[in-house]
Amino acid sequence: MLLNSTTIGGSLVIVGVVTAVGGNMLGDVLNRVLFSAPMGLGDITLLRIGGFITLLLGVAVLTGFDPLSIEAEV
């Protein structure tokens, strides 16, 4: 079936990685630098934070491990 947990989780991981690493064409508001991170991580923006959260949701769907404890909140 097309809509299974592997498809959804994989899609979330791909979107999260692309957004967190390379999404720089979405305008000034999402790319405004909040602060610079040490250890070569670069500038932290709202877009990178959103991408990282999407990546964590994809990992949760694929592995069954809930790193953000979202299941307890729902």
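These legends accompany several close-up views of a predicted model.

**View 1. The whole chain, read from one end to the other.**
Welcome to the predicted model, whose secondary structure comes to 3 helices and 2 strands. Followed along the sequence, these elements come in the pattern α-β-β-α-α. The protein has 74 residues, and 16% of them count as buried. Its accessible surface is about 5400 Å², with 70% of that area belonging to carbon and sulfur atoms. Among contacts with a separation of 6 or more, 45% are between residues 24 or more positions apart. Some of these partners appear in the views of α1 and α2 below.

**View 2. Helix α2 from end to end.**
Helix α2 covers residues 46–63. How far apart are its end C-alpha atoms? The separation is 26 Å, which agrees with the 26 Å that 18 residues should span at 1.5 Å a residue. Look along the helix for its buried residues: Leu47, Gly51, Leu56, Gly58 and Ala60. Leu62 also belongs to α2, but with a relative accessible area of 43% this residue is partly exposed.

**View 3. Thr45 at the start of α2.**
Zoom in on Thr45, which lies in strand β2, residues 42–45. Is this residue buried or exposed? Thr45 counts as buried because its relative accessibility is 7%, below the 20% cut-off for that class. Its side chain has a partner at the start of α2: a side-chain oxygen of Thr45 comes to within 3.3 Å of the backbone nitrogen of Arg48. This view therefore shows a polar contact, since such a pair of N or O atoms has to lie within 3.5 Å, and the side chain of Thr45 reaches the Arg48 nitrogen at 3.3 Å.

**View 4. Gly64, just after α2.**
At the other end of the helix, please meet Gly64, which sits in the loop between α2 and α3 (70–73). Just after α2, this glycine takes a positive phi of about 85°. Gly64 counts as exposed, because its relative accessibility is 63%. Which residues can be used to place Gly64 against distant parts of the sequence? One of them is Gly9, 55 residues apart from Gly64 along the chain, with 10.0 Å between the two C-alpha atoms. Another is Ser5, which is 59 residues apart from Gly64 in sequence and 9.7 Å apart in space, C-alpha to C-alpha.

**View 5. Where α1 meets α2.**
Start with Ser5, found in helix α1, residues 5–22. Ser5 is partly exposed, its relative accessible area being 44%. Setting aside residues up to four places away in sequence, Ser5 touches Val61 and Leu62. Thr6 is in helix α1 too, and this residue counts as exposed at 55% relative accessibility. The C-alpha atoms of Thr6 and Thr63 are separated by 9.3 Å, although the two residues are 57 residues apart along the chain.

Now turn to Leu62 in helix α2. What does Leu62 contact, leaving aside its neighbours within four places in sequence? Its partners are Ser5, Thr6, Gly9, Gly10 and Val13. For a backbone distance, use Leu62 and Ile8, whose C-alpha atoms are separated by 8.2 Å; these residues are 54 residues apart along the chain.

**View 6. A nonpolar patch on the surface.**
The last close-up shows a nonpolar surface patch of about 570 Å². Leu34, Phe35, Leu46, Ile49, Ile53, Leu57 and Ile70 make up this patch. Which element supplies the largest share? That is α2, with 4 residues. Strand β1 (33–37) and α2 each supply at least two residues of the patch. Leu34 is a member to pick out from β1, and at 45% relative accessibility this leucine counts as partly exposed.

Key:
Residues numbered from 1 in each chain as written. Predicted model: local features only at pLDDT ≥ 70, side-chain atom pairs only at ≥ 80, totals over all residues. Heavy atoms only, no water. Expected span 1.5 Å × (residues − 1). Buried < 20%, exposed > 50% of the residue type's maximum accessible area, 1.4 Å probe, protein only. Polar contact = N/O pair within 3.5 Å; in protein donor to acceptor, adjacent residues only side chain to side chain. Contact = heavy atoms within 4.5 Å. Areas by Shrake-Rupley, 256 points an atom, 1.4 Å probe, with all protein chains shown as cover. Patch = residues over 30% accessible without salt bridge, like charges linked within 9 Å, V, L, I, M, F, W, Y side chains within 5 Å. Salt bridge = Lys/Arg side-chain N within 4 Å of Asp/Glu carboxyl O.
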